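Please look over the sequence and the model below before reading this report, which goes from the whole chain to single helices.

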Amino acid sequence: MNKQKIGMLAMGVLFIGIGIGLFRYSAAGSDPYTAMAISISSLTRINFGTCMMLGHLIILVPVFFLDRSQIGLGSLMNMFGAGYIADFVFSVTGMIFPVNLVSQSAAMILAIALLAIGLALYMLPDGGVAPYDALAVILEKRMNGKISYGLCRMLTDGACIVLCLLFSWLAGSSLMGVIGVGTIVCMVFLGPLAQMCRSYFIEHVFRGRFA
């Protein structure tokens, strides 16, 4: 894998980590996978970043047997980096920016944009994706293109929201700031936006090199 592809993977994971952190700061709800990880953290009292990583490790098992081509350097970078980047961004933004409706709304919009761009960037080089992200890709392949990646992503995100509700109920923890309007917006729009970004990068930025 050349330096350009490694750089794209790193940039994509960085954007995803920043996006997750901004989502948590927005208090409008987290993205679905993050919401699930937060609920697991509440239930087990394990650090959030570690829960993100452990969740990916568990999902890695079925991904390995269903389509091991989805596992690569990008998988490791996301599993071991995104959660901790998100933790850092969340703590820093809370100290630097005032907590009000304007800043939190802007953070939510920026978070969705960064997540979509990050997903598109680190999926393009075929250097592996996080096990959770691989689920939608594998589902799309298994359906032979009858269901778009965007819709497959909605389905996996919806499953995360259901699990978040279950784990939060078991932990007896509040869903305030974990699931909200931002979570639903993310579930509906993140997959299609990532698909649009990927198509744009292929056609206009990289000129078909990663088609």
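Of the 211 residues of the protein, 49% count as buried, where buried means under 20% relative accessible area with a 1.4 Å probe and protein chains only. This is a predicted model, in which local features need pLDDT of at least 70 and side-chain atom pairs count only at pLDDT 80 or more, while totals for chains, interfaces and linings use all residues. Residues are numbered from 1 along each chain as its sequence is written, and side-chain values use heavy atoms, with hydrogens and water left out.

The protein has eight helices and zero strands, where helices (H or I, at least four residues) and strands (E, at least two) are DSSP runs numbered from the N terminus. Its C-alpha trace spans about 45 × 35 × 30 Å along the principal axes.

Two of the helices, helix 1 and helix 5, pack against each other as the table shows, with axes fitted to C-alpha atoms over the stretch in contact and angles from 0 to 180 degrees between N-to-C directions.

| Item | Value |
|---|---|
| Helix 1 and helix 5, axes come within | 7 Å |
| Helix 1 and helix 5, axes cross at | roughly 155° |

Helix 1 and helix 5 are therefore roughly antiparallel to each other, a term for angles over 145 degrees.

Helix 7, residues 149–171, has 23 residues and reaches 33 Å from its first C-alpha to its last, close to the 33 Å expected at 1.5 Å a residue, the expected span being 1.5 Å times one less than the number of residues. Its buried residues include Tyr-149, Cys-160 and Phe-167, and helix 7 is followed by Gly-172, whose phi is positive, near 70°.

Key. Buried means under 20% relative accessible area, exposed over 50%, partly exposed in between (1.4 Å probe, protein chains only). Angles under 35 degrees count as roughly parallel, over 145 as roughly antiparallel, 65 to 115 as roughly perpendicular and the rest as oblique.
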